[in-house]
Structures are given as C-alpha cells and as structure tokens.
Amino acid sequence: MSGYRRQLYRDDAVVLRVQKIGESDRVITLLTRRHGRVRAVAKGVRRTTSRFGARLEPFGHVDVQVAQGRTLHTVAQVEGIDLYGKRFIDDYPRYTAASAIAETAERLTPIEEEPSLRLFLLTLGALRALAGGERAGPLVLDAYLLRAMGVAGWAPALTECAVCGTPGRHRSFSVPAGGAVCPDCRPPGAARPAPVTLDLMAALASGDWSIADAAEPAARRECSGLVAAHLQWHLERGLRSLPLVDRGATAPAARGGGSATPAHEQERA
Amino acid sequence: MYEGAIQDLIDELGRLPGVGPKSAQRIAFYLLSADAADVKRLSTALDRVKELVRFCTTCFNVTESEQCRICRDPRRSDDVLCVVEESKDVVAIEKTGEFRGRYHVLGGAINPLEGIGPDNLRIRELMARLGTGTVRELILATDPTTEGEATATYLALLVKPMGITVTRLASGLPVGGDLEYADEITLGRAFEGRRRV
C-alpha cells in the first residue's frame, strides 16, 4: 500500500446479505443510496471482539464507509442508523419476509455499483414498515414485490388489459401476458382469480392500505401466489427465500409478539 | 497453467473454502518439496476422515462410531439438552467445562437467503428426542447472529407448548475487555441480561 491510498466513500445502505469468508471475515452485500449494490469485506467481524460486527447483521440501515478495492471493497467503518434485524429475530414470519425482500433487492440489482435510488428507498421503506409491525408481514412483502417489479419495469397490468390496454376490471390473469387480461385477449391457461384478489393487488401496488388491510385471508393467499409467480417469471429463476416465507400470521402482530406459527405446523401458501 | 498431477492438485486445493488460486499454488509446491512421509501422513488423514467419520445417530455430532463420546457417557445429564448449529460449537462449549448435559447439532441455522429452511435442519430429529419426555430444559446455543436468533425463536415456538423449559445463552461483554470498547448492541444486550449480585 506504500504510496497508494485506497479511495474511501461514505454512504448509507441496507445490509442485504452476509456470507462467511476466511477465518473471521464476512462478505457484506449492501444496497447503498448512491452507489447501488456493493459487496465489501468486513474484516474480523465474526470475532467476539469485533467493534462493528453487530451493526452489519442483515436488514440493518447503516451509515458505512467503504474502501474501494480492485475486486472486493472493504468496510472501513460503520454506524447503525436503524438496525431492523434485531426487531425481526423475535418474530419468525417477519424474519422470513425480510429475507425475501432482501433477496429480491439483490436480484433486481444485477450490476454492482449501478445506483438505484428508487429501489433503495423502496427496500428501506419495506423493512421499516415490516419492523413497525402495523401491517401484516405478508401484505408488506407483496406490496414491496409489486412495487419493486414496477421499478424494474415489470409491473403487472391490473387496471387494464395487459395485451390490448382496454381499461377495466378484468377477471383473468396471465403471468406470461403481463397481468390482467380481457376476455378477448385471454390466453389458454390464464388464471381466474377472485375479483377481490385483483383489487387487493391493485391496492398494494398503489398503496391503498384501507383495501389491503380489509382483505380476507383467501384473497391474500391468492394475491401472494400471483405476485410470486409474476416476479419469478420475470426473474427467470426462483427466489430461494420465497417458498420459506411463513405467511401464517395474517393479522398485524405486536412487535416481538411472537405471533408466528411454525412452518412445520401450517400449510404454506 | 501447469501440466498433469501438479495442476490437478492446484485445482483440487483451489476448491477448498478460503483457498484462492495463489494459495493453492503455494500449498501444492510446498507439498511437492515436502518430505514424502509427511505428505503420506496428510493423504492418509484425508482418506481416514472420509472413511471413518460419520454423524452420531443421536445428536449428529461428528464421531467415528455409531454414537459420539458425549452420547455414550453415562455420567452426563439426560434432562438438559443444548442445541448448537455445528459440531465445532460442541467443542467450544465443552472447553468451558460448565455444561454436563447432552447436545443436538442442527447442521446450520435457518437462512432463507441461502435457501435453508427448517426442513433442511435436524429439527424433526430434535422434536423426536424431546418427545421421549426425558428432557426438562432445552438450551438454545445458536450463534448470536440474525439467523441464529431467528432459529432460536422458531425452536422456542415449537418446543414451549411441550412444557419444556427453553433457555437462550446470555449475550454480553467479553471477559477481559474494556466497557468503553463494547459496541452499543452488545452493551445493550448486557444491560437487558443483567443479573442481581
């Protein structure tokens, strides 16, 4: 390093993923406000003597200083802004939903260091809402997935036909066609969800929580299935965390209230 | 790029965790210049570990027999069971000399981002052990990480209805450290878990 100083930059970020590397280090995947998705090594954070290992746990909103490297960057300093991870550890369904949010954010930023401010703000907002505990975790997750697809340019058509653009409340939904379809454009094999399910999807996409909160469990389950199918069709590869999301609790839970139903004992949506 | 056996060795060493191409090359050339008896000992140890080492049928710790040393020990208490993520955690706890119960090795922690759910861990086997009714206390000794804590929460939800006392390892300050150097999360946990003296 003689005669050469690595360039440092400071940004705020959401911790998406941590992976063990070497004896005591971790590779931290961050979604930063101004630098997009960044992977950086946090040295020695697995040691009990680490001063900032606890701040680099998944789902935390952190203020981070990164030293740029040729292949991997290095985390030089980190301060916690709001460490949401510690609010999910007592609530298993919310932990699984947060994992799906983090994986989606990672998959929607395929190129490192390409800024994506809208996705950053959306991800931060979703984790904040999930940690707040005012809304049901699965609804927050589905709202995030729908809006994240909007940021990526794959928003499903919900208030007009995905094929011909005819406005209206259509009854069929085709993932390959791109959303709700009118009777004339309905391809073979299109799903026929309940009308309230499509209303719920539209409400989640637009942030109309009065409709979303009032939705029945059956509509929520159907909505989750359609959102997951639409997302995974466009990602061309399944999300590993999505089948593991515990959708057992449909009612909002008090923070740390332990409303979880172990996945062994419930039917997965 | 080398030819034949040396390149094969570099390729195989490079597949090991934490060993990059340069390190693999360095180790390969060290082995090439090392004493033949030393290299033979290493290759025998590698063969033996795959041949002899298996998982204990009770706790899933690594062992060379049907049951591990701890499960075979009649002096250990059957009514306290300590759940850990990996076999190396058993070794760390055994070094303390504080625990005289039995263990259960889960084989990891629930981590949806890596596709690891409850069905990928030895939770079903743990529930079967608890179902026999001999365990009175379950100590959750998973790592104090988000994944480890979430796994502990999940297990507590499963086990509490069975009437078994479920405890979690305390989090706090490392012995021998200065308070001023503790991070705010560890210090906060230490305050939460303070005890009367």
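This passage describes side-chain contacts, burial and backbone features in a predicted model.

Aromatic contacts are considered first. Over all chains, the structure holds six aromatic pairs. One of them is formed by Phe59(A) and Tyr95(A), whose rings are arranged edge-to-face, with 6.2 Å from centre to centre and 70° between the planes. This pair links distant parts of the chain, given that Phe59(A) belongs to the loop between strand E3 (36–42) and strand E4 (60–67) of chain A, whereas Tyr95(A) belongs to helix H2 (residues 92–107) of chain A, 36 residues apart. Both partners are withdrawn from the surface: Phe59(A) has a relative accessible area of 1% and is therefore buried, and Tyr95(A), with a relative accessible area of 1%, is buried as well. A further aromatic pair, formed by Tyr92(A) and Tyr154(B), is tilted, with 4.7 Å from centre to centre and 55° between the planes. This pair crosses between chains, running from Tyr92(A) in helix H2 of chain A to Tyr154(B) in helix H7 (residues 146–159) of chain B, and both Tyr92(A) and Tyr154(B) are buried. Taken together, ring pairs join Phe59(A), Phe88(A), Tyr92(A), Tyr95(A) and Tyr154(B) into a cluster.

Phe59(A) also draws attention through its backbone, since this residue has a positive phi of about 75° although it is not a glycine; its place is in the loop between E3 and E4 of chain A. A positive phi, here of about 65°, is likewise found at Glu236(A), which is not a glycine either. Glu236(A) is located in the segment after helix H7 (217–235) of chain A and, with a relative accessibility of 72%, lies above the 50% cut-off, so that Glu236(A) counts as exposed.

Charged side chains were examined next. Side chains of opposite charge can pair when their charged atoms come close. A search of the whole structure finds 23 salt bridges over all chains. In one of these, Glu57(A) is bridged to Arg26(A), with the closest N and O atoms 3.7 Å apart. The two residues come from distant parts of the chain, Glu57(A) from the loop between E3 and E4 of chain A and Arg26(A) from strand E2 (residues 25–32) of chain A, 31 residues apart. Although charged, both ends of this bridge are covered: Glu57(A) has a relative accessible area of 13% and is therefore buried, and Arg26(A) counts as buried because its relative accessibility is 9%.

A second salt bridge in chain A joins Arg94(A) to Asp91(A), the closest N and O atoms lying 3.0 Å apart, and here again Arg94(A) and Asp91(A) are buried. In chain B, Arg76(B) forms a salt bridge with Glu94(B), for which the closest N and O atoms are 2.9 Å apart. This bridge links distant parts of the chain, with Arg76(B) in the loop between helix H4 (69–72) and strand E3 (80–84) of chain B and Glu94(B) in helix H5 (residues 87–96) of chain B, 18 residues apart. The two ends differ in their cover, in that Arg76(B) is buried, with a relative accessible area of 4%, whereas Glu94(B), with a relative accessible area of 22%, is partly exposed. In addition, a network of salt bridges links Arg17(A), Glu106(A), Arg240(A) and Glu114(B).

Helix H5(B), which contains Glu94(B), has Ser87(B), Asp89(B), Val90(B) and Ile93(B) as its buried residues. These residues lie on the same side of H5(B), because they cover an arc of only 150° around the axis. On the other side of H5(B), by contrast, Lys88(B) and Lys95(B) are exposed.

Chain B further carries a nonpolar patch on its surface, formed by Val49(B), Val53(B), Phe55(B) and Val62(B), which together have about 310 Å² of accessible area. Within this patch, Val49(B) lies in helix H3 (residues 36–52) of chain B and, at 42% relative accessibility, counts as partly exposed. Phe55(B), also a member of the patch, has Arg122(B) lying over the face of its ring, at 4.8 Å from the ring centre.

Conventions. Residues are numbered from 1 along each chain as its sequence is written. Chains are lettered from A and ligands numbered from 1 in the order in which they are written. This is a predicted model: local features need pLDDT of at least 70, side-chain atom pairs count only at pLDDT 80 or more; totals for chains, interfaces and linings use all residues. Side-chain values use heavy atoms; hydrogens and water are left out. Patches are made of residues with over 30% relative accessible area and no salt bridge: like charges are joined within 9 Å, nonpolar side chains (Val, Leu, Ile, Met, Phe, Trp, Tyr) within 5 Å. Accessible areas come from the Shrake-Rupley method with a 1.4 Å probe; for residues, only the protein chains shown count as cover. A salt bridge is a side-chain nitrogen of Lys or Arg within 4 Å of a carboxyl oxygen of Asp or Glu. Helices (H or I, at least four residues) and strands (E, at least two) are DSSP runs, numbered from the N terminus. Buried means under 20% relative accessible area, exposed over 50%, partly exposed in between (1.4 Å probe, protein chains only). Rings of Phe, Tyr and Trp (its six-membered ring) pair if their centres lie within 6.5 Å; planes under 30 degrees apart count as stacked, over 60 as edge-to-face and the rest as tilted. A charge sits over a ring if NZ of Lys or CZ of Arg is within 6 Å of the ring centre and within 35 degrees of the ring normal. The arc is that of the directions from the helix axis to the C-beta atoms.
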